[in-house]
Amino acid sequence: MTQPDRRGFLRTLVSAGPAAALAVGAAPAVGHAVETPEASGGAYAPRYFTAAEWRFLRAAADILIPADENGPGGAAVGIPEFIDGQMEMPYGHGKLWFMGGPFHPEVAPELGYQLDLVPRDIYRRGIGNFDAWCVKTHGRPFADLAVAEQTAAMHDLEAGRIVFADVPSATFFGFLLTNTKEGFFADPIHGGNKGMASWKMIGFPGVRADYMDWIDRPNTPYPYGPVSISGERA
Amino acid sequence: MTITMKKKDVVLIGFGWTGAILGQELTEAGLDVLALERGEMRDTPTDARYPQVIDELAYSIRGKLYQDLSRETVTVRHGVDDLAVPYRQHGSFLLGNGVGGAGLHWNGMHYRVLPEELQLRTRYEQRYGRHFIPEGMTIRDFPVTYDELEPFFTKFEYVCGTSGKAGNLGGRKIEGGNPFEGPRSKDYPTPPLHNGYGADLVWKGAVEAGFHPYYAPAANCSTPYTNPYGVRLGPCNFCGFCENYACYMYSKASPQTTILPVLLRKPNFEVRPRAQVLKINLDSTGKKATGVTYVDGKGREIFQPADLVIVTAYQMHNVRLLLLSGIGKPYNPKTGEGVVGMNYAYQAMGGVEVLLPSGTRLNPFIGTGAGGVSIDDVNGDQFDHGPLGFVGGASVRHVRLGGRPIQMTPTVPGTPKWGSAWKSAVKDTYQRELHIDLSGSVAAYQDVYLDLDPTYRDSYGQPLLRLTYNWHDNEARLMHHVGDRISEIAKAMNAEKYWVTNRVTPGAKYDVRFYQSTHTTGGAIMGADPRNSVVNRYLQSWDVPNVFVMGSSAFPQNMGYNPTGLVGALAYWAAKAIREQYLKNPGPLVQA
């Protein structure tokens, strides 16, 4: 449960996976220390993702979870920050998984995940491949497309109509969607769900976790707003 | 360079439910008992600290209390000639680790067993004829009856403070309890948990549809309670963070909340966490255990001598340890020879999802681990299987576990998985969707078993356990039938929509990617004959009589109910046999 590092303005890119070689023209900063626009404003500076990847994540978060009458969008609630934080956790490094070889990705899918890639690899390769496809198809990386084009591209990705070179596109989409929803719904202590926006949307009271007085009140609206682990109320 | 420690009377391998029970019982008998636990020390103040424990991502999703698969997992394949590959991420089942084992992060669903399930083969042969059981299905009788186990079911319930309502007290049927259960000598120690709105609706719908609902037995105390060991539990406050979590209210029964406060203070008891047992050592005859070899937290290899070795780890680890130690002949599915690893079984999971009318306020976050409504009309052999042609049944229940948003925000099939339409569907469905759980029994089969993997190894260099498992047509037909029957409840509830979800359909392969059940059984099965079982009726190894093997590894096949009640009862039953028979005259308790 590490808090995102809000003090760091500069982040050095340590590990550029194979996808770095695929960096498209519109991703200028790969391989160099980058100052993001947010960082210069004193806000969050990504620790794992490059500037180009960060722009993708912010755009993708707003397509998967758009701002609408049911609440703010994915970027505003901190889903990119959540995913960036997860990349620095044991999860991002694949340390929660058995990663001993040999690897047999050709077996039946019902036997589960069999790639030798950890989430950090999947994001680096997946974002690189998806942005490359957007450039090739639409002339610009994902973050610079119009919302309608972004939505259509995401549908193409989900439906398996895009083939990636460095990671199965379905695997990348699966991680992106799963982690996006985790960031949307998890306690804000993990970096997403700012203002407990998702909890307010559905009416989940967070860490209140004591309903002794409510078990015997069937079909009655519950009146209290959510509380987070850090004690924030909304 | 192996360090040899001072000899103990008893070594327990693994310190979850059965380790705690055997530790308590055998220290009461005056023995010097050591428990070796490969995981960390765990307790309520450290591992169930409020509000940090109310963290769905850390506990349910990243699996804070589960086995660290990066160090050890199992491999899985569908058929006996297939390549097995590692279970790299937690999915289908959630292996436990640490003091308390999975007993720290279970729900507390505390069922017994339907009496006929213990004599399953005899019952089916007598009622339906010998040919009713299909070729390749290797179901058996347990070598023990419900009446023999009844005092031990009761004892474990009273240790746990289990809430519920008897349906059969000494043969007298009681309204609100389970009319199909075996006779109880005593009612539950605490009254049923109050039902929430969803459970009320399911109960009413079930009665209208002609079923016999009863209060689901829950090892979640409904009142303050002091158990026979003098340990106090508090009432469940419906926090909605039960399974996958440790209980911050001291309400869910776990070794920590029922036994350890007494056991850990005893001078003749010691637990050593971070002690990974590599094998049980045998003498030159191969018929006597001399102790165990383990690696401690500092990486030192240690030999711990002991007179009695009791395997009290999780089902899969029990079987693996026997195979690694060369105790009993490994099962070969092609020749049918050997016994260790045979009759692995699982559960067939499904559900009926019910969408109630708009405006319904279920307040889904008000949840318990196990309290709610349960139904046994389609469980065990409580209905006529003759015209249906399959073996087995399903335990059916509605328990509102909580409304944890990452995992418990369902949508109606066909809803987009992202975008504004998804957001709006999640918001709409959250308050008005409920799930009726179908937990189907799984028979044992000749081509389903456990052995050691030839390729993959754990972080100590030892072979992983290999699981060969796939669904059979019998279970697909069972679950189809149960889905149809339980849909009648949804109809009676005036649902806006309902639909059946069923993982076991004709031709479906076992899919490890989705959580189904942690109720894995068999591999070190109990029986009356050493030629087709691993342990005798007292869970004593036929081959090495100073080794006993606890746990659901002893089940010859699996049932619809959750197994912990039967696991606890068998542990108390075996402990009594050790105390009253084995200690007086160490040796085989049953002559082969």
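The legends below describe close-up views of a predicted model with chains A and B.

**View 1. Chain A, a chain of helices.** The secondary structure of chain A amounts to 7 helices and 0 strands, and the elements follow one another from the N terminus as α-α-α-α-α-α-α. Chain A has 234 residues, of which 54% count as buried. Among the contacts in chain A with a separation of 6 or more, 59% join residues that lie 24 or more positions apart.

**View 2. Phe130(A) and the largest nonpolar core.** The largest nonpolar core holds 241 residues, and the members that touch the most other members are Phe130(A), Met154(A) and Phe172(A). The element that gives the most to this core is helix α13 of chain B (residues 564-582), with 12 residues. Once residues up to four places away in sequence are set aside, Phe130(A) touches Phe56(A), Phe142(A), Ala153(A), Met154(A), Leu157(A), Ile162(A), Phe164(A) and Phe172(A).

**View 3. The largest cavity and its lining.** The model has 10 cavities of 30 Å³ or more, and the largest cavity has a volume of about 230 Å³. Its lining is made up of 24 residues, and those closest to the centre are Ile215(A), Gly196(B), Tyr197(B), Ile366(B) and Arg400(B). Helix α7 of chain B (residues 197-208) supplies the largest share of the lining of the largest cavity, namely 3 residues. Sorted by class, this lining comprises 9 nonpolar, 12 polar and 3 charged residues.

**View 4. The second largest pocket.** The second largest pocket encloses about 380 Å³ of space. Of the 20 residues that line the second largest pocket, Arg38(B), Arg71(B), Asn97(B), Gln276(B) and Tyr460(B) are the closest to its centre. The lining of this pocket includes 10 charged residues, along with 7 polar and 3 nonpolar ones.

**View 5. Gly336(B) in a loop of chain B.** Gly336(B) sits in the loop of chain B that runs between α10 (315-325) and β15 (348-355). Gly336(B) counts as partly exposed because its relative accessibility, 36%, falls between the 20% limit for buried residues and the 50% limit for exposed ones. Although Gly336(B) and Asp447(B) are 111 residues apart along the chain, their C-alpha atoms are separated by 9.5 Å.

**View 6. Ser441(B), a buried loop residue.** Ser441(B) belongs to the loop between β18 (433-440) and β19 (449-457) of chain B. The relative accessible area of Ser441(B) is 4%, under the 20% limit, and Ser441(B) is therefore classed as buried. Leaving out neighbours within four places in sequence, Ser441(B) is in contact with Ala348(B), Gly392(B), Gly393(B), Glu475(B), Leu478(B), Asn558(B), Met559(B) and Gly560(B).

**View 7. Two annotated spans of chain B.** In an unreviewed entry, UniProt assigns residues 234-338 of chain B to "domain: Glucose-methanol-choline oxidoreductase N-terminal". In the model, residues 234-338 of chain B are 18% helix and 28% strand, and the end C-alpha atoms of the span are 47 Å apart. For residues 451-571 of chain B, UniProt lists "domain: Glucose-methanol-choline oxidoreductase C-terminal", again from an unreviewed entry. This span, residues 451-571 of chain B, is 23% helix and 18% strand, with 25 Å between its end C-alpha atoms.

Definitions and conventions:
Residues are numbered from 1 along each chain as its sequence is written. Chains are lettered from A and ligands numbered from 1 in the order in which they are written. This is a predicted model: local features need pLDDT of at least 70, side-chain atom pairs count only at pLDDT 80 or more; totals for chains, interfaces and linings use all residues. Side-chain values use heavy atoms; hydrogens and water are left out. Helices (H or I, at least four residues) and strands (E, at least two) are DSSP runs, numbered from the N terminus. Buried means under 20% relative accessible area, exposed over 50%, partly exposed in between (1.4 Å probe, protein chains only). UniProt positions are given in the numbering used here, feature names are shortened, and annotations may be inferred rather than shown by experiment. Contact means heavy atoms within 4.5 Å. A nonpolar core is a set of buried Ala, Val, Leu, Ile, Met, Phe, Trp, Tyr and Cys residues joined through side-chain atoms within 4.5 Å. On a 1 Å grid over the protein atoms alone, a cavity is a set of points where a 1.4 Å probe fits but cannot get out, and a pocket is an open set with protein on both sides within 12 Å along at least five of seven lines; lining residues have an atom within 4 Å of a point. Grid points are joined across faces, edges and corners, and a volume is the space filled by probe spheres set on the points. Ala, Val, Leu, Ile, Met, Phe, Trp, Tyr, Cys and Pro count as nonpolar, Asp, Glu, Lys and Arg as charged, and the others, Gly among them, as polar.
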